[in-house]
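Open the model in a viewer and keep the sequence panel visible. The tour goes from one selection to the next.

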Amino acid sequence: HTEQVIKFGDVKSVHTLFDQVLIPETDAANSILNQEYYLVNITSLIVRFAESLDLSLDKLMEEDFLNTLFAKQSLKEALNYAKEAVLKLRSQKEKSTRDASRELMDKILNYMESHFADTDIHMEKVCTEFAISVSYLSALFKKHTSTTFSKHLIKLRIDKAKELIRYSSLKVTEVARDVGYSDVYHFSHSFKKQTGKSPKEYRHV
């Protein structure tokens, strides 16, 4: 239970975990003994947690963590210091997760930018490419953008189509093919929905 709270519990649970240790038992000798045992046990969990995140506790705390911890004058000070270390580790873990999530999203957006003209590009294909689930891809879009996978793909295609219609002499059927639509009617419908004009109307604006 203690390890789960340290790694995954909310901030309130972490505070409760440490604060409850300081509630004295009726037998004072047993109380001190149990608290000291708890401190050693929880310190071991903290060290293992830091190792699992590939983080240095000494760098995180900007001093020798273990020496500072066990040099504290009272158990309360030691536990508060240990709690501070846990909260800093949790903060670093969350930042690392956010950074990894953002980096993956950027890779996915770059992939879509390079492959939007493929007629067979779809969510499942992108998920296979990045070894993630469809639900996770949807969650990434929700977290990092203001759109969805499908809407972003359509926008990439129509933006490129607008450019080709305006600045090239390609026929509408050729433009449709070049931006990933195998069906010109589907393309024309999407184009009008996005721009308010048909491809032919847009060309003569």
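Which residues are buried in helix α2 (residues 11-19)? Select the helix and show side chains: Val14, Leu17 and Phe18 are the buried ones. Look down the axis of α2; the buried residues fall within an arc of 90 degrees, so they line one face of the helix. Bear in mind throughout that this is a predicted model.

**Two loop residues**

Next, select Asp54, in the loop between α3 (28-52) and α4 (57-61). Asp54 is not a glycine, yet its phi is positive, near 60 degrees. With a relative accessible area of 72%, Asp54 is exposed.

Move on to the loop between α4 and α5, where Glu62 is found. Glu62 has a positive phi near 60 degrees, again in a residue other than glycine. Its relative accessible area is 72%, and Glu62 is exposed.

**A stacked pair**

How many aromatic pairs does the structure hold? There are six. To see one of them, select Phe65 and Tyr81: the ring centres are 5.6 Å apart and the planes are at 20 degrees, so the pair is stacked. The cut-off behind that word is an angle under 30 degrees between the planes. Phe65 belongs to helix α5 (residues 65-70) and Tyr81 to helix α6, so the pair ties together parts that are 16 residues apart in sequence.

Are these two residues buried or exposed? Phe65 counts as buried, at 1% relative accessibility. Tyr81 is buried as well, with a relative accessible area of 5%.

**Helix α7**

Select residues 123-130, which form helix α7. Its buried residues are Met123, Val126 and Cys127. They cover an arc of only 100 degrees around the axis, which puts them on the same side of α7. To see what they pack against, add α6 (75-115), α8 (134-144) and α9 (149-167) to the display. Then step just past the end of α7 to Ala131, which takes a positive phi of about 55 degrees.

**Helix α11**

Now select residues 184-195, helix α11. The helix has 12 residues, and the distance from its first C-alpha to its last is 16 Å, close to the 16 Å expected at 1.5 Å a residue. At its start, look for Asp183: one of its side-chain oxygens reaches to within 2.9 Å of the backbone nitrogen of Tyr185. At the other end, α11 is followed by Gly196, which has a positive phi near 85 degrees.

Which residues of α11 are buried? Colour Phe187, Ser190 and Phe191. Seen down the axis of α11, the buried residues fall within an arc of 100 degrees, so they line one face of the helix. Their packing partners are α9, α10 (172-178) and α12 (199-203). Turn to the face away from the buried side to find the exposed residues Tyr185, His189 and Lys193.

**Ser190 and Ile158**

Stay in helix α11 and centre on Ser190. At 8% relative accessibility, Ser190 counts as buried. What does Ser190 touch, leaving aside residues up to four places away in sequence? Its contacts are Ile158 and Tyr181.

Shift the centre to Ile158, in helix α9. Ile158 is buried, with a relative accessible area of 2%. With residues up to four places away in sequence left out, Ile158 touches Tyr181, Phe187, Ser190, Phe191, Gln194 and Thr195. For a sense of scale, draw a distance from the C-alpha atom of Ile158 to that of Ser52: the two are 106 residues apart along the chain and separated by 45 Å.

**The ring cluster**

For the last stop, show the rings of Tyr181, Phe187, Phe191 and Tyr202, which ring pairs link into a cluster. Phe187 and Phe191 have already appeared among the buried residues of α11.

Which ring does the charged end of Arg157 sit over? It is that of Tyr181, with the charged end 5.3 Å from the ring centre. Finish by adding Arg166, which lies over the face of Tyr202 at 4.4 Å from the ring centre.

Methods: Residues numbered from 1 in each chain as written. Predicted model: local features only at pLDDT ≥ 70, side-chain atom pairs only at ≥ 80, totals over all residues. Heavy atoms only, no water. Buried < 20%, exposed > 50% of the residue type's maximum accessible area, 1.4 Å probe, protein only. Helix = DSSP H or I, 4+ residues; strand = E, 2+ residues; numbered from the N terminus. Arc of directions from axis to C-beta. Contact = heavy atoms within 4.5 Å. Phe/Tyr/Trp six-rings, centres within 6.5 Å; stacked < 30°, edge-to-face > 60°. Lys NZ or Arg CZ within 6 Å of the ring centre and 35° of its normal. Expected span 1.5 Å × (residues − 1). Polar contact = N/O pair within 3.5 Å; in protein donor to acceptor, adjacent residues only side chain to side chain.
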